[in-house]
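Please describe this structure for someone who has not met it before. Keep the report brisk.

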Amino acid sequence: LTFLLTTICIASEELDESVVFEITDEGELTGYYGGEWVVVPECVNDIPVVKIAEKTFFDLGIDDVYLPDGLTVIGESAFEGSTLKSVEIPYTVKIIGERAFANCDSLYTVFMNIDESTVIGKDAFAGTKHMLFYLDCNVDTKTIERKLLVAKGDDNIEVEIRHVAAN
């Protein structure tokens with residue numbers, strides 16, 4: 001496990017030098033300065049990224065975001081008001097904070113590799129237009145769909161099931 005973590009953290013050193021991420025010693029990503037295509041690395045400055053802090057990407061002009069495995073929390077209002085169009089939420093995320101993606105007018109596609117134990121905060125997707133959520137076929141999709149309806153605040157969603165290969 002140590003070898004794997006070291007390998008992942010070394011790979012993060014190959015980041016585009018024009019992109020800057022700010023991170024705490026606890027692995028909380030608190031700032032981003034860069035372009036509209038965001039690839040959050042698994043480690044920043046040899047610190048594993050485990051949380052996107054409150055309002056880290058608030059109101060930013062970003063299009064697509066890649067979130068790394070190992071991320072466990074997407075904080076309150078983390079992406080609120082941004083121009084985000086699509087996002088894939090990794091299986092390691094266990095908490096999506098209140099208003100995390102609220103008022104993202106351009107957000108349409110969300111790939112959710114989560115299970116029914118994932119907490120989806122109040123109004124996490126409020127103020128968004130029609131959204132398409134992709135869920136894995138090996139989870140309780142009805143439970144997650146109910147959570148999404150509450151998090152969206154309306155029934156203007158579409159849920160599709162993805163078939164994933166068994167490990």
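Contact here means heavy atoms within 4.5 Å. With that rule, and leaving aside neighbours within four places in sequence, D63 is in contact with E36, W37, T83, L84, K85 and S86. The model is predicted. D63 is found in the loop between strand 6 and strand 7. Is D63 buried or exposed? D63 counts as buried, because its relative accessibility is 11% and buried means under 20%.

**The sheet**

Six strands make up an open sheet. Their order is 1-2-6-8-10-12, and the pairing is mixed. Which strands lie at the edges? They are strand 1 (20-23) and strand 12 (119-120), and each pairs on one side only. Strand 1 and strand 2 (residues 28-33) run antiparallel, joined by four bridges. V20 has Y33 in strand 2 as its bridge partner.

**Aromatic rings**

A pair of aromatic rings is described by two values, the distance of the centres and the angle of the planes. The whole structure holds seven aromatic pairs. One of them joins F57 and F79: the ring centres are 4.8 Å apart and the planes stand at 0°, so this pair is stacked. The two rings come from distant parts of the chain, 22 residues apart. F57 sits in the loop between strand 6 (51-52) and strand 7 (64-66). F79 sits in the loop between strand 8 (73-74) and strand 9 (86-89).

F79 has a second stacked partner, F101. Here the centres are 5.1 Å apart, with 5° between the planes. F101 lies in the loop between strand 10 (95-96) and strand 11 (109-112), while F79 lies in the loop between strand 8 and strand 9, so the pair ties together parts that are 22 residues apart in sequence.

Are these rings buried or exposed? F57 counts as buried, at 0% relative accessibility. F79 is buried at 0% too. F101 is likewise buried, with a relative accessible area of 0%.

Ring pairs also build a wider group. F21, Y32, F57, F79, F101, F125 and F133 are linked into a cluster. Elsewhere, a charge meets a ring: the charged end of K55 sits over the ring of F58, 5.1 Å from its centre.

**The nonpolar core**

The largest nonpolar core has 41 residues. Which of them touch the most other members? They are I74, F79, I89, I96, F101, M112 and F125. Strand 1, strand 2, strand 9, strand 11, strand 13 (131-136) and helix 2 (141-152) are the elements that give two or more residues to this core.

F79, F101 and F125 thus appear both in the ring cluster and among these core residues. What does F125 touch, not counting residues up to four places away in sequence? Its contacts are F101, A102, L107, V110, M112, I120, M131, F133, L148, A151 and K152.

**Salt bridges**

How many salt bridges are there? The count comes to six. Three of them are set out below, each with the distance between the closest N and O atoms.

| Pair | Closest N and O atoms |
|---|---|
| E28 and K51 | 3.8 Å |
| K85 and D63 | 3.8 Å |
| R162 and D136 | 3.0 Å |

Take E28 and K51. E28 lies in strand 2 and K51 in strand 6, so the pair ties together parts that are 23 residues apart in sequence. E28 counts as partly exposed at 24% relative accessibility. K51 is partly exposed as well, with a relative accessible area of 28%.

The bridge from K85 to D63 returns to the residue that opened this report. K85 is in the loop between strand 8 and strand 9, D63 in the loop between strand 6 and strand 7, and they are 22 residues apart. Their surroundings differ in exposure: K85 is partly exposed, with a relative accessible area of 42%, whereas D63 is buried at 11%. K85 is also one of the contacts of D63.

Last come R162 and D136, which form a salt bridge. R162 lies in strand 14 (residues 157-162) and D136 in strand 13, so the pair ties together parts that are 26 residues apart in sequence. Are these two residues buried or exposed? R162 is buried, and D136 is buried as well.

Conventions: Residues are numbered from 1 along each chain as its sequence is written. This is a predicted model: local features need pLDDT of at least 70, side-chain atom pairs count only at pLDDT 80 or more; totals for chains, interfaces and linings use all residues. Side-chain values use heavy atoms; hydrogens and water are left out. Two strands pair if DSSP finds at least two bridges between them. Rings of Phe, Tyr and Trp (its six-membered ring) pair if their centres lie within 6.5 Å; planes under 30 degrees apart count as stacked, over 60 as edge-to-face and the rest as tilted. Buried means under 20% relative accessible area, exposed over 50%, partly exposed in between (1.4 Å probe, protein chains only). A charge sits over a ring if NZ of Lys or CZ of Arg is within 6 Å of the ring centre and within 35 degrees of the ring normal. A nonpolar core is a set of buried Ala, Val, Leu, Ile, Met, Phe, Trp, Tyr and Cys residues joined through side-chain atoms within 4.5 Å. A salt bridge is a side-chain nitrogen of Lys or Arg within 4 Å of a carboxyl oxygen of Asp or Glu.
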